[in-house]
Amino acid sequence: MRPFVYEPATTPLGALQAAARGLGSANSGPSHLQSEIHFLAGGTTLIDLMKLDVMRPSVLVDINALEDTELGRVDASGRGLRLGALVRMADAAEHPEINREFPVIAQTLKLAASQQLRNMASLGGNVLQRTRCPYFRDTSYPDCNKRNPGSGCAAIEGFNRSHAILGGSDNCIATYPGDFAQALVALDASVEIVAPRGTRNIPFAALHRRPGDAPDIETTLQPGEMIASFFVPPGPWTRRSHFLKVRDRKSYEFALASAAVALDLQDGIVRTARIALGGLATVPWRAAAAEAALRGKSVNNETKRAAAEAAFAGAVPQRHNAFKIELGKRTFMQALDQTAAMEI
């Protein structure tokens, strides 16, 4: 473990001020340190990566004491759903209003990790988790543009069975690993972001960046900014929503393919479809083309296959992961079937 400064915070403002102090000291040193100020919540990913020497924060701002503020609360009062960034995954997964009104959210959280991890991990930390790409997590591989910008991508020529077929670039094909994010992007959630200079809200879909030519820049968060909450707007599709996850083993494993589907059905016709795919892309992936293919149609074998083909029209497989195209299509079609069949 490398040395770092530990800053406990007791108020949201105190957390932001501690981060700002860390940025001030980083600005006087090497430029790469400016991105090494991190907020510590559950630590279920961050601490692992610190032990692996993949992440080397100069300052850790501990925000766990803020769990008793708005950052740690769920508001499901009927005007949508607000989830504080410090809400633990287990608490959100078991919340009765979330299970009834937003089942896809509860399902993504229940399938994401072991109970012990869900008890500790925060929602804000979950959406910011780093890729499970072994070339990123093992520092004995020098060629990783996420870890060493400009060094190359060992996965492209290496063993890439679990890697992305959507949203990749010549510089990175690492898969975004989370499940919860698929529900948020499908349901058009927004993110409240706080910083010393004020608060801003952005669509959740705008939080993560595709790798492009800068795979090391994974989100649109600015240094010193902190996620405060997520807001999921109400809609006729939230109750009829479902998440399906396919993985190598049934328990505690990341997705090879997953699909979050929400439907507004009227007399068997799709008025609105909201679809996100996981385990297949470099970012939480909204399947807009599949949504358009279903709109105004009934859910049958022909429309399901057409929507699946549209969802994967831009897929770019690698040497070992071409199977993900058909697996992704089948996962999506099964999730669509299960969603359409729901009794609400």
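Modeller: Happy to chat; one term up front: buried means under 20% relative accessible area, exposed over 50% and partly exposed in between, with a 1.4 Å probe and protein chains only. This is a predicted model, where local features need pLDDT of at least 70, side-chain atom pairs count only at pLDDT 80 or more, and totals for chains, interfaces and linings use all residues. Residues are numbered from 1 along each chain as its sequence is written, and side-chain values use heavy atoms, leaving out hydrogens and water.

Colleague: Thanks! How many of the 10 residues of strand 11 are buried?

Modeller: Strands here are DSSP runs of E with at least two residues, numbered from the N terminus. Strand 11 covers residues 269-278 and is largely enclosed by the rest of the structure, because its buried residues number 7 of the 10.

Colleague: Over how many bridges do strand 10 and strand 11 pair?

Modeller: Two strands pair if DSSP finds at least two bridges between them. Gln-266 has Ile-269 of strand 11 as its bridge partner. Strand 10 (residues 257-266) runs antiparallel to strand 11, and the bridges between them number 9.

Colleague: Which residue takes a positive phi in the hairpin of strand 11 and strand 12?

Modeller: Strand 12 (residues 285-286) is antiparallel to strand 11, with 2 bridges joining them. One bridge pairs Leu-277 with Trp-285 of strand 12. The hairpin has 6 residues between the strands, and the positive phi, near 75°, belongs to Gly-279.

Colleague: And is Phe-4 buried or partly exposed?

Modeller: Phe-4 sits in the segment before strand 1 (5-8). Its relative accessibility is 34%, so Phe-4 counts as partly exposed.

Definitions and conventions. Helix = DSSP H or I, 4+ residues; strand = E, 2+ residues; numbered from the N terminus.
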